[in-house]
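This report walks through selected contacts in one structure. Salt bridges come before helix packing.

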Amino acid sequence: MGAIKLTGRGRRWILGGHPWVYADDVAGGEGEPGELVPVHDPHGSVLGWGLFSSASKICIRFVTREAAPPDRAFWLGRVRRAIEARERLGLLVPGGACRLIAGDAEGLPGFVVDRYADVLVLSSGCQGSDRLRDLFLELLEESLPFAPRAVLDRSDTAVRRLEALAPRVEWLRGAPVETVEVVEEERDGDPCLVYEVAPAAGHKTGHYLDQVLNRRRAARHARGTEVLDAFSYDGLFGVRAALAGARAVLCLDQSAAAGERLARNAERNGVADRVVFARADAMRDLRRRGEAGERYGLVIVDPPAFARNRREAAGAARGYRELNRRAMGLVAEGGVLVSASCSYNVRREEFLEHLTAAALAAGREARLLELTAAGPDHPVLLGLPESGYLKCAFLRM
Ligand code: SAH
């Protein structure tokens, strides 16, 4: 069995609460890829146990600060805790969808599971979660109050390259499912929403579950207005806005497949007459529409991550400022801009600075109504800021 010894700085870092140890803070030792190893301080005392990576700059992901090694019962406890939290939130109703397990934030490093009705889609992002995948899935099936019809391993995210892991997409249980229909039941006055998810062909695990609550919040500003939903994917900000009484909704995305699903989603919810999709480069299209004098009562911009690492942050700053300048120019006086950022390298305060600069450049005044994150099925572990990536600003112009 492997073991790792930290430097003094590594020890201080871990005692400071962050669960990841970078390779620079490792003084010695070794392990197999993804192995659960004891982690020692420079004097040889055990600090706890973590998952080792032989390739990533994140050398250890801490699992426990106890001296005893995690066993099956330990992992079962972690999985159960995650499932019970969703159950208490009412997220396990039949036909619904939610993130069941949010990886590192849940003490299950690298292991993410989304549920779309009775189909599970898991995604493994590090060597440790690859090694423990089969055990984690078994424990998950033991903990769930329903039996999944099918389980897809959708481990094809870019971060796997940092772990020297090849992309992998394979059905682990049941027959392959091309699309699954999800029903978000009527709740707190928000109408029922029905949509389609393509687990294998869609983005991420098939859908952007982190925006579920923000779509509802955005829809509150939609009644009687014209809405522009940029970077719409399969259109659920737009469809929710239409359900809430928007006069007309224009969705923009570069993905033709997303546009096809969007049309079916609009149809399913009875709003096809008011939701239109245009395949376009949203950056350029927003500028063109601004120059043409178009104005909307509600504009949503939800772009992909502009900064995948700290080095890209400067480019991201320019990207967010320019995108939001263009978006603000399209908001009618008194209208609302919903602007999201999913780059975890751009902190909340920084994002607000970008929005402030954008407003200045657009010559507009903007008031922050809310700055939200993802929903409670995407918890953020305090001490691990990397687990909280989504920021969503609601601005009245
Ligand atoms: N708002 C969506 C999620 C958007 S994810 C939701 O609520 O589900 C980001 C989307 O931006 C993806 O669908 C991707 O296809 C799209 N995209 C990326 N670059 C783009 C560009 N330059 N122009 C238009 N769409 C783009």
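## A salt bridge at E350

E350 and R347 form a salt bridge, with their closest N and O atoms 3.4 Å apart. The model is predicted. The two partners differ in exposure class. E350 has a relative accessible area of 14% and is buried, because anything under 20% falls in that class. R347 has a relative accessible area of 46% and is partly exposed.

Elsewhere, salt bridges with shared partners build one network. Its members are D130, R133, D134, D153, R160, R168 and E170. Across the whole structure, a search finds 40 salt bridges.

## N345 and its contacts

E350 also appears among the contacts of N345. N345 sits in the loop that runs between β18 (331-341) and α9 (348-362). It is a buried loop residue: the relative accessible area of N345 is 8%, so N345 falls below the 20% limit for burial.

What does N345 touch, leaving out residues up to four places away in sequence? The contacts are A307, R308, N309, R310 and E350.

## A buried pair: R216 and E184

R216 and E184 make another salt bridge. Their closest N and O atoms lie 3.3 Å apart. R216 belongs to helix α4 (residues 212-219), and E184 belongs to strand β12 (residues 180-184). The pair therefore ties together parts that are 32 residues apart in sequence.

Are these two residues buried or exposed? R216 is buried, at 9% relative accessible area. E184 is buried too, with a value of 9%.

## E370 on strand β19

E370 is part of strand β19 (residues 367-372). Its relative accessibility is 33%, so E370 counts as partly exposed. That value lies between the 20% and 50% limits, which is why the residue is placed in the middle class.

Residues up to four places away in sequence are again set aside here. E370 then touches R217, C392, A393 and F394. For one of these, F394, the C-alpha to C-alpha distance from E370 is 5.2 Å. In sequence, E370 and F394 are 24 residues apart.

## Helices α2 and α3

Helix α2 (residues 72-88) packs with helix α3 (residues 127-143). The angle is about 55°, and the axes are 9 Å apart. The two helices are therefore oblique to each other. This follows because the angle lies between the 35 degrees limit for roughly parallel and the 65 degrees at which roughly perpendicular begins. The crossing of α2 and α3 is right-handed.

Which residues meet across this contact? From α2 come R72, W75, L76, V79, R80 and I83. From α3 come L132, L135, F136, E138, L139, L140, E142 and S143. By class, this contact of α2 with α3 has 9 nonpolar, 1 polar and 4 charged residues.

## The R72–E138 link

Two of the residues in this contact, R72 and E138, also join through their side chains in a salt bridge. The N to O distance is 2.7 Å. The pair links distant parts of the chain. R72 is in helix α2 and E138 in helix α3, 66 residues apart.

Both partners are partly exposed. R72 has a relative accessible area of 36%. E138 stands at 39% relative accessibility.

Key
Residues numbered from 1 in each chain as written. Predicted model: local features only at pLDDT ≥ 70, side-chain atom pairs only at ≥ 80, totals over all residues. Heavy atoms only, no water. Axes fitted to C-alpha atoms, helices over the stretch in contact; angles between N-to-C directions. Helix = DSSP H or I, 4+ residues; strand = E, 2+ residues; numbered from the N terminus. Parallel < 35°, antiparallel > 145°, perpendicular 65-115°, else oblique. Left-handed = near helix turned anticlockwise from the far one by under 90°. Contact = heavy atoms within 4.5 Å. Nonpolar A, V, L, I, M, F, W, Y, C, P; charged D, E, K, R; others polar. Salt bridge = Lys/Arg side-chain N within 4 Å of Asp/Glu carboxyl O. Buried < 20%, exposed > 50% of the residue type's maximum accessible area, 1.4 Å probe, protein only.
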